[in-house]
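Trainee: I am new to this structure. Could you take me through the reasoning behind the words used for it?
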4 protein chains.
Amino acid sequence: MEKLLVHKNSGLDILVKVKNIVIGGEEKVIISGPCSVEGYDTMHDIASGLKKIGVHILRGGAFKPRTSPYDFQGFMEEGLKTLKIVGDEFNMPIVTEVMDSKDIDLVLRYADMLQIGSRNMYNYSLLKEVGKLKTPILLKRGMSATLPEWLYAAEYIMANGNENVVLCERGIRTFDTYTRNTLDLSSVAAIKQKYRIPIVVDPSHGTGRRELVARMSLSSIAAGADGLMIESHITPDKAISDARQTVSIDTVGQIVKNVRKFDGMFRD
Amino acid sequence: MEKLLVHKNSGLDILVKVKNIVIGGEEKVIISGPCSVEGYDTMHDIASGLKKIGVHILRGGAFKPRTSPYDFQGFMEEGLKTLKIVGDEFNMPIVTEVMDSKDIDLVLRYADMLQIGSRNMYNYSLLKEVGKLKTPILLKRGMSATLPEWLYAAEYIMANGNENVVLCERGIRTFDTYTRNTLDLSSVAAIKQKYRIPIVVDPSHGTGRRELVARMSLSSIAAGADGLMIESHITPDKAISDARQTVSIDTVGQIVKNVRKFDGMFRD
Amino acid sequence: MEKLLVHKNSGLDILVKVKNIVIGGEEKVIISGPCSVEGYDTMHDIASGLKKIGVHILRGGAFKPRTSPYDFQGFMEEGLKTLKIVGDEFNMPIVTEVMDSKDIDLVLRYADMLQIGSRNMYNYSLLKEVGKLKTPILLKRGMSATLPEWLYAAEYIMANGNENVVLCERGIRTFDTYTRNTLDLSSVAAIKQKYRIPIVVDPSHGTGRRELVARMSLSSIAAGADGLMIESHITPDKAISDARQTVSIDTVGQIVKNVRKFDGMFRD
Amino acid sequence: MEKLLVHKNSGLDILVKVKNIVIGGEEKVIISGPCSVEGYDTMHDIASGLKKIGVHILRGGAFKPRTSPYDFQGFMEEGLKTLKIVGDEFNMPIVTEVMDSKDIDLVLRYADMLQIGSRNMYNYSLLKEVGKLKTPILLKRGMSATLPEWLYAAEYIMANGNENVVLCERGIRTFDTYTRNTLDLSSVAAIKQKYRIPIVVDPSHGTGRRELVARMSLSSIAAGADGLMIESHITPDKAISDARQTVSIDTVGQIVKNVRKFDGMFRD
């Protein structure tokens, strides 16, 4: 894979700017927010809390890929509007998932960064389309994607002209059922060594267990991650979706502190 | 899952008609053809051979989901045209993959059945769109999809109004590397017991090894499959893609004979 | 692996004689019995039923490898005695598991074939010890063993002098939880093509679901298996262990009939 | 599993003493040495280097579980002697693998801690036997063992009377082939939260790639590990086995420094 655009051989390490936030640079970047965008009041309180403790980017799902067609599918444009209003209010860039080429224009009216979810990592049509944009893309690893497959998915975006790609390790599917997925932190160390694109870790999906998120956040940063994406809520147990893996604002605050402490010590 | 449309509780077993061919009925259905649609002459010779030995449906990829953006991506509309001309010539219905909502109209002008590939099984936007059609859908299992996830994917299509769904088991991703994937034939037996939708098996992707295709075809039928999808070519070693798992027309002929022999003996 | 004793290059296909029963020859061999050996009366009734329907070899566990140290660990020598008495009564050879080198002599006093269980496939000390015997060995696949690892385990036995080895495919561990394990029937087809040692399939552990055993038995034979090992009981719901995957004597009878019917038609 | 001896409910956190070294206490413990014990001169130079940089325990394999019976199987008693001489010389306790009940007495004459390897984690006979000792046991995770299975394996040892058990996470087997195994650091965080037994991580087997060992060592400690086990050599490329994952003494030195730095900052 040494001739790919994603490879260090092809140029300098990539810095991805999401408005005023740089991913892949000196500072570790924290992305946080609820699994699904909820009503304005809840989103306002979450964002307010996250801003205070130093979170950089606000996340929230408006289009939700759900296993069952009968489950809540997200508030769609309504959710995007709420997300943008709150993001503007607290001067936080927002990232949200796009699931289909035909929704790109709509989502672009509100979002600062587009997320390609785990289920769409192999959706090459979608990858090619977002490759035509300049907007930063957060590319989650497919649930059973090998490292080369994941890097080639990034290459699909870059080969179409968009170098603003950030990878997101979110655990892989294995026989083990204790955690929702098996967080593969060796992949983070490997990618930082040989590839140009920044990588963040999502310990929320990676473990599926709230009580493991703080520990695995620190472990992810120690493996070399450029940042974290953490599902959080002011009242985690009341989150519309993924409550089991959602942490409180306080927990995110503790994580931010530990990341800074670690980063201060180990920055080269 | 007992309240789902896919469950036997919700109605009679589904028979899917692809032009004059019925999948899920008394006769086992054989789908065959090359991985990628090639030029007219090659397609003509393949279809001619397959028709003679009793193959029912012709397959061929015009839009190819490839791991690398630099690999051959299929002949697209050109390929669809070739496929349709040859299908008409030999009176064989054709099935081909659609990878994106925006291509549905184009592919529908040529194909009798739409394939949703393994990489798009979780592409819920695409599933909803093909759910609005009446065209038969061949839904391949995602490479790491659990049984419920796969059945819910079918439910996405059916809940939107299209009950013409056929499942296709094509192997799952495991630690084992001897075969390209691990063919999960127990899933076939399980689905035939509890669910209404027909299921066929693709032993070509399931094994990735030409020399195992005939044996595993018979094994699939013995597990209860309603049919088979087999990659074949007049000169397998010269196939544009997936040559390693492509068999000759003669091998397909032998498979057809064995399937009929088995079916004659074990039909209830 | 072409220079290994297990490879077809190294000699004729191996026929393993267990008393008067030949595994690997023309006739498919059926091994059946309860997961754990129970009391004499139950074992007598099970063996009596199995003998009548044509089962060749009687199985039953006396030493049971259990996940928890607090679970029932088998009746040990008491169980072996019961098994032998009943086997003699019905003139059925018996196969039972040995879990440790130090128990070999004890088990040999009663058993006609020694089973190396899935958990001990990598127990190379045990493999070397049974390699010094002439007694037939039933070598189950490790739950996450690759094909080469499994074949090398057989080679450990053969390299020490004992060529009487029969492999047993019993499913591998994957992300899928619908079935207890994922039965890998392609491994059976692959081994029959390139290796000299007979192979049987255990659809009971392979599926973990009683209702799938008959179907997957036929599918296994169609994949090329030389025989089957099936957990059965006169009152399956009352089996001491593995009740969920244990079938009735009647079901075994139906399987035997189907295997004969299939074998009669497809024998070359 | 809340009633198990391994659970925090059953008593204080366990401290395992290996001669003068305590695992599970305040200080992180570093175990290092070559995959296989080699000749005296090499072992002397390795131990000398490791002692200087602060490694606590010396490791080396004398009985080697190898996939092929034709591969080097270790120097056995000769290797144990060398290991003990060198350990005494540098006042370092030694840990080495025992593969069979019948070798326990022999290995006990030389070793301070017995390792149960990944392939023997389900070898319940062996677990029961080492459960009768007082010697500390290093219990590696089976390559496809679930968390409960691994904890029950520890319970087998403890239930027989030996509470001196240390777990060792060494990666699990998944579809991913970039790394030799997939290091499951969430298991470390989970075990530290709910169970009493210390746990160390083996990033050498966990990644199979020398260049990832230092990063993943730090990541392991950040996940909460009580220590590390690292394969090292004075001339890594000349190691008899596992050269690809063996690091230099200098690399171990760097790891020791980083671990101390981290530990100093984050100790509660």
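Mentor: We will go through the symmetry, the interfaces, the core and a few single residues. Keep in mind that this is a predicted model.

Trainee: How do you know that chain A and chain B are related by a rotation axis?
Mentor: A turn of 180 degrees, with a shift of 0.0 Å along its axis, lays chain A on chain B at an RMSD of 0.0 Å. The two copies are therefore related as by a two-fold rotation axis.

Trainee: Which residue of chain A comes closest to that axis?
Mentor: Ser144(A), with its C-alpha at 3.1 Å.

Trainee: What makes you say that these copies meet through the same surface?
Mentor: Of the interface residues of chain A, 100% are also interface residues in chain B, so the surface is the same on both. Each side is counted in residues too: 32 from chain A and 32 from chain B.

Trainee: How much area is buried between chain A and chain B?
Mentor: About 2600 Å², and carbon and sulfur atoms give 52% of it.

Trainee: Why is the pair Arg173(A) and Glu149(B) called a salt bridge?
Mentor: The rule asks for a side-chain nitrogen of Lys or Arg within 4 Å of a carboxyl oxygen of Asp or Glu. Here the closest N and O atoms are 2.6 Å apart. The pair therefore meets the rule. Across the interface of chain A and chain B, the rule finds two salt bridges. Helix H4 (124-131) and helix H5 (147-159) of chain A each give two or more residues to the side that touches chain B.

Trainee: How many residue pairs are in polar contact between chain A and chain B?
Mentor: The count is 19, with both residues at pLDDT 80 or more.

Trainee: What relates chain D to chain A?
Mentor: Again a turn of 180 degrees, with a shift of 0.0 Å along the axis and an RMSD of 0.0 Å. Ser219(D) is the residue of chain D that comes closest to this axis, at 2.3 Å for its C-alpha. The same surface serves both copies, as 100% of the contact residues of chain D recur in chain A.

Trainee: What does the contact of chain D and chain A bury?
Mentor: About 3300 Å², with 66% of it on carbon and sulfur atoms. In chain D, the residues that lose the most area to chain A are Phe175(D), Tyr178(D) and Phe266(D). Together they make up 19% of what that side buries. The contact takes 39 residues from chain D and 39 residues from chain A.

Trainee: What makes Asp176(D) and Arg141(A) a salt bridge?
Mentor: Their N to O distance is 3.4 Å. The cut-off is 4 Å, so the pair qualifies. Two salt bridges are found across the interface of chain D and chain A. On the side of chain D that touches chain A, helix H6 (185-194), helix H8 (213-222) and helix H9 (249-266) each supply at least two residues.

Trainee: Which residues have the most contacts inside the largest nonpolar core?
Mentor: Leu139(A), Leu139(B), Leu139(C) and Leu139(D), in a core of 372 residues. Take Leu139(C): among the residues it touches are Ile116(C), Met121(C), Trp150(C) and Val166(C).

Trainee: What makes H4(A) mostly covered?
Mentor: Six of its eight residues are buried. These include Tyr124(A), Leu127(A) and Val130(A). The buried residues of H4(A) pack against helix H3 (104-108), strand S6 (113-116), strand S7 (137-140) and H5 of chain A.

Trainee: Why is Asn181(A) called buried?
Mentor: Buried means under 20% relative accessible area. Asn181(A) has 5%, so it counts as buried. Asn181(A) sits in the loop between strand S8 (165-169) and helix H6 (185-194) of chain A. Its side chain reaches the backbone oxygen of His205(A) at 3.0 Å.

Trainee: Is Met76(B) buried, exposed or partly exposed?
Mentor: Partly exposed, because its relative accessible area is 38%, between the limits of 20% and 50%. Met76(B) is in the loop between strand S4 (57-59) and helix H2 (77-89) of chain B.

Trainee: What is the phi of Met76(B)?
Mentor: Near 50 degrees, a positive value in a residue other than glycine. Most residues other than glycine have a negative phi.

Note on methods: Residues are numbered from 1 along each chain as its sequence is written. Chains are lettered from A and ligands numbered from 1 in the order in which they are written. This is a predicted model: local features need pLDDT of at least 70, side-chain atom pairs count only at pLDDT 80 or more; totals for chains, interfaces and linings use all residues. Side-chain values use heavy atoms; hydrogens and water are left out. Copies are superposed by least squares on the C-alpha atoms of residues with pLDDT of at least 70 in both. Contact means heavy atoms within 4.5 Å. A nonpolar core is a set of buried Ala, Val, Leu, Ile, Met, Phe, Trp, Tyr and Cys residues joined through side-chain atoms within 4.5 Å. Buried means under 20% relative accessible area, exposed over 50%, partly exposed in between (1.4 Å probe, protein chains only). Buried area is the accessible area (1.4 Å probe) that two parts lose on being put together, summed over both. A polar contact is a pair of N or O atoms within 3.5 Å; within protein, one must be able to donate a hydrogen and the other to accept it, and residues adjacent in sequence count only if both atoms are side-chain atoms. Helices (H or I, at least four residues) and strands (E, at least two) are DSSP runs, numbered from the N terminus. Lists of a residue's contacts leave out its neighbours within four places in sequence.
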